[in-house]
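Take a walk through this model, from a single serine to the ligand and the rings around it. Keep the sequence open alongside.

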Amino acid sequence: MIDHINIALIGSKFMGRAHSNAWSQVGKFFDVSLRPTMHTVAARNATELSDFAERWGWKHSTTDWRGPVGSDQIDLVDIATPNNVHAEQAMAALEAGKHVICEKPLAATLADAEGMARAAEGAAGKTFVWFNYRRVPAIALAHRLVAAGAIGRVYHVRAAYLQSWGGPSTPLVWRFQGDVAGSGAHGDLNAHIVDAVRFITGEEIVTVEGAIEHTFIRERAVLEFGSGQEISGGGATSGRKTAPSTVDDAVLFLARLSGGGLASFEATRLATGYHNANRIEIHGDRGALRFDLERMNHLGFYDLDGDGGTQGWTTIDVTRAADHHPYLAAWWPPSHGLGYEHSFTNQASDVLAVLAGQSPVVPLPDFADALETQRVLHAAIVSARNHFPVSLSDLPEAKGPQS
Ligand code: SOE
């Protein structure tokens with residue numbers, strides 16, 4: 001008898017859609033032991049809410065997220081809201097005994113992330129974070145290859161998440177408001193590649209050696225009041241045509257890994273020509289790997305143990321062999337391709353597996369794991385603002401972001 005789990009989603013924008021799609025698809029493609037019931041969606045915009053609920057198959061909808069979070073009808077709370085409310089919503093859900101899955105980054109600030117991780121310790125509910133790129137088959141395979149020693153000791157990691165939607169014509173949406181987002185491209189995109197590098201290499205970042213934080217576009221157009229994206233201090237700026245962007249457009253930093261290797265990280269929303277190029281290259285003493293989200297079904301592999309005469313970069317189609325390539329068995333025949341949305345459905349499948357007492361295909365990040373990524377993000381900003389190296393083991397107080 002398949003049991004079911006009642007889910008409440010908070011948030012109905014981009015991630016609300018991505019998560020809704022995942023919960024609606026997962027039971028169709030995966031043999032789940034717990035069937036997800038899309039019970040309630042909570043969002044601020046009452047006029048859009050009923051259409052969203054009907055379109056995506058949520059049974060109930062409300063503008064008050066505290067209702068479903070406190071309801072004994074709900075088992076799992078899915079948080080797809082702006083970064084500054086992750087902590088309040090997640091901690092309320094944990095307090096109410098719910099399982100919680102939260103969008104990345106874990107929080108807008110390190111202090112909030114630390115509070116979430118503390119609340120998760122000993123809580124009845126399990127916690128998860130939507131670092132969905134771990135479940136892109138190519139990244140999951142890279143994780144397995146490194147764990148199996150396929151590239152040996154890691155010398156270098158080069159990670160860049162290059163987008164270009166943040167140009168001067170982009171208005172002051174919440175992602176450019178520091179009191180809401182916490183940071184700009186840094187918390188949005190470096191969060192992904194820091195998590196991915198930790199996941200693939202199995203190593204931690206132990207020191208940020210140096211960092212640059214930069215805002216190229218300092219003023220952005222203010223959205224009209226009521227759009228849901230107006231400036232959080234709306235009244236203070238009502239009537240103005242532009243207002244300051246209070247986050248970075250780009251953060252770059254250099255780091256040392258726990259295995260002794262060196263790493264570079266770059267996140268920007270102004271990489272003209274690239275739209276969602278999450279790129280990772282890893283060089284070891286037995287081989288190398290390279291990945292680009294804009295070619296997400298392929299993984300580059302260089303095998304130094306191969307025959308000297310035929311050595312070279314191999315491009316693995318990671319949607320070809322269901323018995324070797326993670327998640328493929330649930331989807332389509334060889335080389336039919338998977339996309340961005342499938343990574344979320346793959347994650348929904350692993351979350352349901354864990355809640356049913358089974359194992360995920362590859363490790364799932366919980367709040368404690370995601371806190372390590374948040375600590376690296378914080379260390380990079382402290383390093384950038386103080387122009388000195390920061391060891392994760394002794395994060396200096398103050399002079400960092402208001403966390
Ligand atoms: C915008 O940068 C964004 O939507 C991120 O917030 C997502 O996490 C990423 O997957 C795609 O780009």
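Start at Ser383, which is found in helix α11, residues 367-386. The model is predicted, and that holds for every value below. Is Ser383 buried or exposed? Ser383 is buried, because its relative accessible area is 2% and the cut-off for buried is under 20%. Its side chain has a polar partner: a polar atom of Ser383 lies 2.8 Å from the backbone oxygen of Phe388.

A second serine makes a useful contrast. Ser335 sits in the loop between β16 and α10. Its relative accessible area is 42%, so Ser335 is partly exposed. Buried would need under 20%, and exposed over 50%. Measure out from Ser335 to Leu262: the two are 73 residues apart in sequence, and their C-alpha atoms are 34 Å apart in space.

Now turn to the ligand. Which residues surround the ligand? The shell consists of Phe14, Lys104, Tyr133, Tyr161, Gln163, Trp165, Arg175, Asp188, Leu189, His192 and Tyr340. By class, six of these are nonpolar, two are polar and three are charged. Helix α8, residues 185-201, gives the most to this shell, with three residues.

Look next at the polar atoms. An oxygen atom of the ligand lies 3.0 Å from a polar side-chain atom of Lys104. For Tyr133, the distance from an N or O atom of the side chain to a ligand oxygen is 2.6 Å. For Tyr340, the corresponding distance is 2.9 Å. How much of the ligand does the protein bury? Taken alone, the ligand exposes 310 Å², and the protein buries 92% of that.

The aromatic rings come next. The model has 13 aromatic pairs. One of them is formed by Phe29 and Trp332. Their ring centres are 5.2 Å apart and their planes meet at 80 degrees, so the pair is edge-to-face. Planes over 60 degrees apart count as such. Phe29 belongs to helix α1, residues 14-29, while Trp332 belongs to the loop between β16 (313-317) and α10 (340-355). The pair thus links distant parts of the chain, 303 residues apart. Ser335, met earlier, lies in that loop between β16 and α10 too. Phe29 is partly exposed, with a relative accessible area of 23%. Trp332 is also partly exposed, at 43%.

Another pair brings back two residues of the ligand shell. Tyr133 and Tyr161 are edge-to-face, with 6.0 Å from centre to centre and 65 degrees between the planes. Tyr133 lies in the loop between β6 (127-129) and α6 (137-147), and Tyr161 in strand β7, residues 154-162, so the pair ties together parts that are 28 residues apart in sequence. Are these two tyrosines buried or exposed? Tyr133 is buried, with a relative accessible area of 3%. Tyr161 counts as buried as well, at 1%.

These two rings belong to a wider group. Phe14, Trp23, Trp130, Tyr133, Tyr161, Tyr340 and Phe344 form one aromatic cluster. Among the residues around the ligand are Phe14, Tyr133, Tyr161 and Tyr340.

Finish with charges over rings. Arg279 lies over the face of Tyr274, at 4.2 Å from the ring centre. Arg290 does the like with Trp313: its charged end sits over the ring, 3.9 Å from the centre.

Technical notes
Residues are numbered from 1 along each chain as its sequence is written. This is a predicted model: local features need pLDDT of at least 70, side-chain atom pairs count only at pLDDT 80 or more; totals for chains, interfaces and linings use all residues. Side-chain values use heavy atoms; hydrogens and water are left out. Rings of Phe, Tyr and Trp (its six-membered ring) pair if their centres lie within 6.5 Å; planes under 30 degrees apart count as stacked, over 60 as edge-to-face and the rest as tilted. Helices (H or I, at least four residues) and strands (E, at least two) are DSSP runs, numbered from the N terminus. Buried means under 20% relative accessible area, exposed over 50%, partly exposed in between (1.4 Å probe, protein chains only). A charge sits over a ring if NZ of Lys or CZ of Arg is within 6 Å of the ring centre and within 35 degrees of the ring normal. A residue is near a molecule or strand if one of its heavy atoms lies within 4 Å of it. A polar contact is a pair of N or O atoms within 3.5 Å; within protein, one must be able to donate a hydrogen and the other to accept it, and residues adjacent in sequence count only if both atoms are side-chain atoms. Accessible areas come from the Shrake-Rupley method with a 1.4 Å probe; for residues, only the protein chains shown count as cover. Ala, Val, Leu, Ile, Met, Phe, Trp, Tyr, Cys and Pro count as nonpolar, Asp, Glu, Lys and Arg as charged, and the others, Gly among them, as polar.
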